[in-house]
Each structure stands twice: as structure tokens, then as C-alpha cells.
Amino acid sequence: MAAGVATWLPFARAAAVGWLPLAQQPLPAAPQGCEARSDEVLVVNVSGRRFQTWKNTLDRYPDTLLGSSEKEFFFDPDSGEYFFDRDPDLFRHVLNFYRTGRLHCPRQECIQAFDEELAFYGIVPELIGDCCLEEYRDRKKENAERLAEDEEAELGGPGGAGADWALPPGSPFRQRLWRAFENPHTSTMALVFYYVTGFFIAVSVIANVVETIPCAAGGRAGWREEPCGDRFPLAFFCMDTACVLIFTGEYLLRLFAAPSRGRFLRSVMSLIDAVAILPYYIGLFVPKNDDLSGAFVTLRVFRVFRIFKFSRHSQGLRILGYTLKSCASELGFLLFSLTMAIIIFATVMFYAEKGTSKTNFTSIPAAFWYTIVTMTTLGYGDMVPSTIAGKIFGSICSLSGVLVIALPVPVIVSNFSRIYHQNQRADKRRAQQKVRLARIRMAKSGTTTAFLQYKRNRGLEDQDGAERPALSTRSSSAFEQQHHHLLHCLEKTTSHEFTDESTFSEALGVISLGGQTSRSTSVSSQAVIGTSTRASSLISSCCPRQNKQRRAIRLANSTASVSRGSMQELDTLAGHHSPGPQSSRASLNAKTHDTLTLNCDSQDLVAAIISIPTPPANTPDESRPRSPASDRGEGPGRPSSGSSSSSRGALRNSSLGPSYLLHNAVKISSL
Amino acid sequence: MLTLEWESEGLQTVGIVVIICASLKLLHLLGLIDFSEDSVEDEMEMATVRHRPEALELLEAQSKFTKKELQILYRGFKNECPSGVVNEETFKEIYSQFFPQGDSTTYAHFLFNAFDTDHNGSVSFEDFVMGLSILLRGTVQEKLNWAFNLYDINKDGYITKEEMLDIMKAIYDMMGKCTYPVLKEDAPSRQHVETFFQKMDKNKDGVVTIDEFIESCQKDENIMRSMQLFENVI
């Protein structure tokens, strides 16, 4: 109810005195608790800026924060005011809502921030007044679209154009084939295929065109030129066959590789493909008699649709098609208004010219042609009015034609421009994404270093460690200490340790992607080998391949460098991902086979893998068994990368018993 | 042959006339020429009506409200009607928000007339305050007087059956359609009017005067008791 109603209610109740003499039944008692109206001035302190308002003003909307008793939570008895630690500029609009009953949306503020403020104060955004509602909705939609694009680009939907990441080596052939089709620049084979098909499309189209050019017929019928297609039928037939074979092969391959065959069959591009190759096959099977050859010739027209296959190769064409689709309503309006105008003017012209003898305007439909030609200002001149009225109406017709056609065009143009810019923005964003992620990763690695230091200090203390590393002099805040303690507790609970990812990935050569893969490794050993040169990584991947396993074991048995762990990344980008279930561990021994096959596609958060960077050659030798690192791939379709636990296997061959193989990787959602 | 010529000539003439009229209209639309002469008056009407109420002390003396209550009342009033007066349309709108099921426009009209004591078509803050003062803080006599004034549509001092019928119908209209028991066409209000007149019209002359009204009401227990109901509205 509007604020005004509350103000007028006492008045309406007072006016009810007029019913008293007429009442046939006794009236009910008045409700209790209607205490005398008192009004006082409240002070609301928003980040230092004081707003003062009547209490009644705030009470107008009792289902918001300020109008209900919820504001008592923010009351500061010492100063007698309500303190909110929020943006004072945006609070101004909120307070004006109480005062005037209309919520306005500031133009220069970010729509997201405004939304959050509204949510905090318990105001529904639908209350935004009509003056600002349109703009609010538009901006919100734009924002949502942009965010959706972002997410899509990051997640890299199947077959999405933004998926530039490399597929896991173990993915099925079908998936790789589909990706090769959708993103030609991922592999050379795909690129070759892309260019070959493009070339053949061009060849086919040019052949179609050249077929109809009249070639000088030599010898036989010298006085008559016949089209090249009839002169060299065999050559053209062979070329056509070759093109169709290539197109058919491509179509079948796409059909085979498509993740969803039904959807693929219904998509526009596949329809174009089908239409492009069908006439050939129909022509093959249709016998060459004169009855049907007429229809067959018509079918050949469809061969020109092959040119639409170029839209796979050109993004601009796709944008154009998409624009036309999205401007369907404007185009429809244009068509409708044109039709109306054509009919009106054609009728008028017909009746105006009816009296003239030998006139071209023989009927109204005949006049349609004149009207269209005039309205689009073509003016062929094959039909010309001769009466004065006809000329007057003809000129009006041409003037109005210009107007009618010019009106919807800017809408289409602006739509095209918007979509085109969106596309460009998407490309730019994808390029920036990698840089951004790398930077974030570097910033995050600082936090992981801290935990490693902490652990090392604790570890050394536990074991009466001899040496205090020189790097341990990093002061950490209370928050960090508690955080590290928490991680440490988790390690102890599961008797596994976090390990280093970078060393693991180094050894494996796995491309870690923007920190979005989760790796969980456990480093069992806190020992440091002084003579580490190279990290040996025990790798187990969630979706491993046999050779990797073997390699891992080989590495484990080889001399290992000491690096105690790779930098872990507390991936806060995992905000995009929902926390998945704790992935079970994969271990490297024979038992790992079963466990290793799980959760390849789990959408887990990136595990925080923490490992302690070990400065080579200055750490004491500790004899601790190592645990294999098991990593877990995650993210939709992302490859799992393993994290390596550096093993000191070289010097500890004895200790590299099965024990370390039994350690499981622990996955922790990023905090 | 001649007819054909005339046909085309006629068509040409018609066409020319149509074109001239259309172009005149277009020019008028574009504002280049003006046909009507009342554009000046339109400008004058744009000025908004502003009204400033009497001083606070004066109102306090005239009504039975305290200063604080008057302040609260005025703030609410001014917030809703920044121009300082309420016209009938706004009044009807406000009142209809309280009775969404039925049609309260007729009753609001009568109510508006009852509040608009100086009959200038708008209710100012003074009228508002005076009316509320009587209704909420007045004596029983004053309240009954006010009610009589409300029922007496033409303000001639007598309530006739027709006036009462109108009032009753307006009140029943506010109920709307979804009632229990179902409201039939006119019967309930007619019947109610009959009952009312039987009770109030002592000398059975078909009209109710102010004295008859007050006297009858004072004798009725129910009415007296319910007069206290709305004391504490503000």
C-alpha cells in the first residue's frame, strides 16, 4: 500500500462516524494499542553522514529494515543513533523512498551496487518508480548478459567458442573430433580440415556459377553458344562429385562427433549442409527423363545454398544472421507497413489511371509492381502514370516510400552494432582472461607460502628440528594463523598432507589452467632433501592414463628432488564453482586403479594445495615417508592435473615403500 | 466517352481536395499554423494552486487538537497534497483505496461535500482539521449534527426519503458484490431506509429534521455507545 494510505487512514476512520446513526447492529470495539501518535526525529548515521527523519516516515513501510524492529540491531545506545556501515550516497535514495513513496535509480551508480543496497534494506526492486524502471531493467539485463557471457567463456561450454583449453589427453576421440570441428585453431589437423572445406565450398560455388557462362561452342553448333556446363559436362560432374563427397564426409563426421545428435540435426548449419548436398543425390537417383528434369533443374538451385556454409568460417556472417533474427519484429513491422502502403497506393493508382487508354495499369496487382518500384525509388520506368491525378499520387507514393523504409532501418542498425560490439568484447575478454588469471595466481601464491612456512616451523618444532630456516621470519596476522591452524588440523585428521603442485606439474608437463583445476595432493613427507635438483612427482590423476601412472611410479623411484611442495594456490576464483563433494583419493599403488577413475567430471572447487617451498640444499634430512600426490581434475570437463609430491625417493628408496602410495590426496574446497 | 472523362476529372478534383486538406492538417500538426484561439488559456491553467493554511495558533484555538497533533496532521497532509488542497478526484481516489471491493465514489462525493464546508470545490487543511476535530473531539451533539449534515445532501435542513435512499445506496455500493448474504438489487437499502425513517421520523411527515434526528439518536443506546468508538483515532 502506498504511504499515503497510512496517512489517510485516521481520516477514513473518523469519517465512519457518519455510519453510526444508520448502523443496524452494534459496531465492534476499537482495536487496542492505538496509542497516541507521537513523533520523534531519528538519527541514522550511515558511514559518518547523519540523516535525520521522522519516525513516522520510516514506519510507512513496516516490511523493510528501517521500518521494522530490525533496525534496533543497529542502534547504538551511546550515541542514540542508528549506525549503518554502508554507502551514504546510495542511502540517500533509500531514504527518499520512504519520504516520497517512489524509489528512484541513480544513473551514475553501478546497478549491482544499488541492487545490493536495496537487498540490505529489505526493499524490493520492483518498487522502483516508473520514471526509472525502464532504465533499471535495461541495465540489469545488460549486466546479466555480460555476466552470463563471462561464465560461459570461463566454463567453456561444450563446443563453445571460448573453449581454448586443451582437452585431457585421455578424452574420447569423439570429443576431440567435435572440438576440432568447432575450434579450428586448436590443432593443425583441424586447421587443415577447416581450410580444405572452405576451399571446396568456394570451388563448388564457382563451379556452379561458371557452369552457366556461355562458352564458345566449337565445331558442332558454331552458330549457337551453349553454356560451359553443357560443353564440359564430365568435368563439371567430376568437380561436383568431389565437392559433394567432401561435404558428405564432413556432415557424417560432424554427426558422429556431435555430443547431442538430435540437437545437431535440428541446428541451422546442419540443415544447410543437408540442403546443399541433397540435390546431387536426388539427381543421381532420378532418371533423366524430361518430365522430372524440370523439377531436377529446380533442385539445382539449392546448390547455391552451399555458400551459406561459409558462415562457419566467417564470424561476421554469423553476426549478421543473428542480428536479422533478433530484429525479427522490426523487420516484420517494416514488411507489414510496406504491404499496407503498397495495397493502398496500387488501388489508388489503378483507379486514377483507369480512364486512360492503352494503360499499363491493367489491374491492381499489376499496379503493385509500379508501387513497389516507386516506393523503393527504383523507378524502372516501365509503368508510368499519364493522368494528373496519377502523377500526383505517384509522387506521394514515392515520398512516403522513402519514409516508411527509412524508419525501421536504424533499429536494425543499432541492433547489429550492439551485437557486433558484444562479440568483440567477448573476444577481448577471453584474451585478457589468461593474463588476469595468471596475475591472480601470483597474488595468491603469497598466501600459500605463508602456510608452508607455518607448517615448516611447526614441523621443525615437532621434531626438534635442528635448524630454523631463515625464511621463517614472516609475521602473520591472527586470521592467517588461525587459518593455517585449521588446515593443519585437517591434515592431521586425515593423516595426509598438502603438497606442492608446481613441482608436480613441472615434472609432468601438465598444463595447469588458470588455477581452476583442483589439485589435491598430499605430501607426506616434510623431509627435505638437500640435494634436490629436480622434483620427482608422484602423479596420480583422477583420469589417469596408464603411461602416466607408470611414469609416476618411475619417477617415484628415481632420485627425487627435494622441493617440498609446489606452490599451492588458494583459488578464490572458485567462486564460480560450486563446492563439490570431497573427492576421494587416488593413490598410486595398484589400488589406485579403482579410485583413479572417479570424479573426472566432478565440479569440485579447486583444492588448495599447499606445499612448502624448499630451498634446495639447505634443509635437513628428514626421514619421512612420502605420500604420492594424487590430483584431481575438476571443473567441467577440465583436465585433471596432478600435483606432485616431491619425493625424496632417491635417497630414500627404502622408504619409498608402498606406504607412501597409500596416502591419499585430500581435496579441500578453496576457502 | 464523356462519362469517362468526367470520371477522371472528378477523381482528379477529389484527389486535389484531399491533398490540400491533408497538407493543412499536417502543417497544423507540425505547429506551423494554428486554428484554435484557446491556447492562451491553456497556459494560464498550468499554474498550480497553492494554499497556505492558517497559523498554527489559530487552528489550535479553533479546533480541539493540540499543537503537536496539528503538526503531525499537517505533515501527513502536506506530504500527500503538496499543493495544500484536496480536490474531489483525489479525495475519491484516496477513499477508494480503503474499500477496494466496492465502489466508494458516490459516498466519497457526499463525504467530500460534508467536509467542504465553504463549498469551493476543494478541501483545504482547515476544513480537514475542523471536520476531524468535530468527529474525534466533539460532543455527541456536534457529531450528530455532522452526521445530519452529511445525510442532508442539499443542505436544506431536512432529510427526505430520496436523500436517504441515495446515501444508503452509496453505503451499500461500498460493500461490493461479494457479500454474505448476497446483496440483491435495491431491496436492502430500501428496507434500511424504511427502518430508519420509522425510527427517526416522529411526526411521520416524510422528512427528518435536525431535532427529530438528534432526539431519536439520543434515545438509542447502541448509537450512544458507539459514539465513543472513534475517540482515539489520532
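1. Chain B contains 12 helices and 4 strands. The model under discussion is a predicted one, and the remarks below should be read with that in mind. Of the 234 residues in chain B, 37% are buried. Among the contacts in this chain with a separation of 6 or more, 58% join residues 24 or more positions apart.

2. The surface of chain B may be considered next. Its accessible area comes to about 14100 Å², and carbon and sulfur atoms account for 58% of that area. A nonpolar patch of about 530 Å² is formed on the surface by five leucines: Leu26(B), Leu27(B), Leu29(B), Leu30(B) and Leu32(B).

3. Leu32(B) deserves a separate comment. This member of the patch is located in the loop that connects α1 (2–30) with α2 (39–45) of chain B. Leu32(B) has a relative accessible area of 61%, and is therefore classed as exposed, the cut-off being over 50%.

4. In chain A, helix α3 spans residues 88–100 and so comprises 13 residues. From the first C-alpha to the last, α3(A) reaches 18 Å, close to the 18 Å expected at 1.5 Å a residue.

5. Both ends of α3(A) merit attention. At the N-terminal end, Asp87(A) acts as a cap, with a side-chain oxygen 3.0 Å from the backbone nitrogen of Asp89(A). Just after the helix, Gly101(A) adopts a positive phi of about 85°.

6. Which residues of α3(A) are buried? They are Pro88(A), Leu90(A), Phe91(A), His93(A), Val94(A), Leu95(A), Phe97(A) and Tyr98(A). The cover over these buried residues includes two strands of chain A, β1 (41–46) and β2 (49–54), together with the helices α2 (55–59) and α4 (111–121) of chain A.

7. A further site in chain A is Thr371(A), a residue of helix α15 (residues 364–375). Is Thr371(A) buried or exposed? Its relative accessible area is 0%, so Thr371(A) is buried, the limit for that class being under 20%.

8. The surroundings of Thr371(A) can be described in two parts. Its side chain reaches the backbone oxygen of Ala367(A) at 2.7 Å. Leaving aside residues up to four places away in sequence, Thr371(A) touches Ala341(A), Ile342(A), Phe345(A), Ala346(A) and Cys397(A).

9. Two residues discussed above may be set side by side. Leu32(B), in a loop of chain B, is exposed, whereas Thr371(A), in helix α15 of chain A, is buried.

Terms used. Residues are numbered from 1 along each chain as its sequence is written. Chains are lettered from A and ligands numbered from 1 in the order in which they are written. This is a predicted model: local features need pLDDT of at least 70, side-chain atom pairs count only at pLDDT 80 or more; totals for chains, interfaces and linings use all residues. Side-chain values use heavy atoms; hydrogens and water are left out. Patches are made of residues with over 30% relative accessible area and no salt bridge: like charges are joined within 9 Å, nonpolar side chains (Val, Leu, Ile, Met, Phe, Trp, Tyr) within 5 Å. Accessible areas come from the Shrake-Rupley method with a 1.4 Å probe; for residues, only the protein chains shown count as cover. A salt bridge is a side-chain nitrogen of Lys or Arg within 4 Å of a carboxyl oxygen of Asp or Glu. Buried means under 20% relative accessible area, exposed over 50%, partly exposed in between (1.4 Å probe, protein chains only). The expected span of a helix is 1.5 Å times one less than its number of residues. Contact means heavy atoms within 4.5 Å. A polar contact is a pair of N or O atoms within 3.5 Å; within protein, one must be able to donate a hydrogen and the other to accept it, and residues adjacent in sequence count only if both atoms are side-chain atoms.
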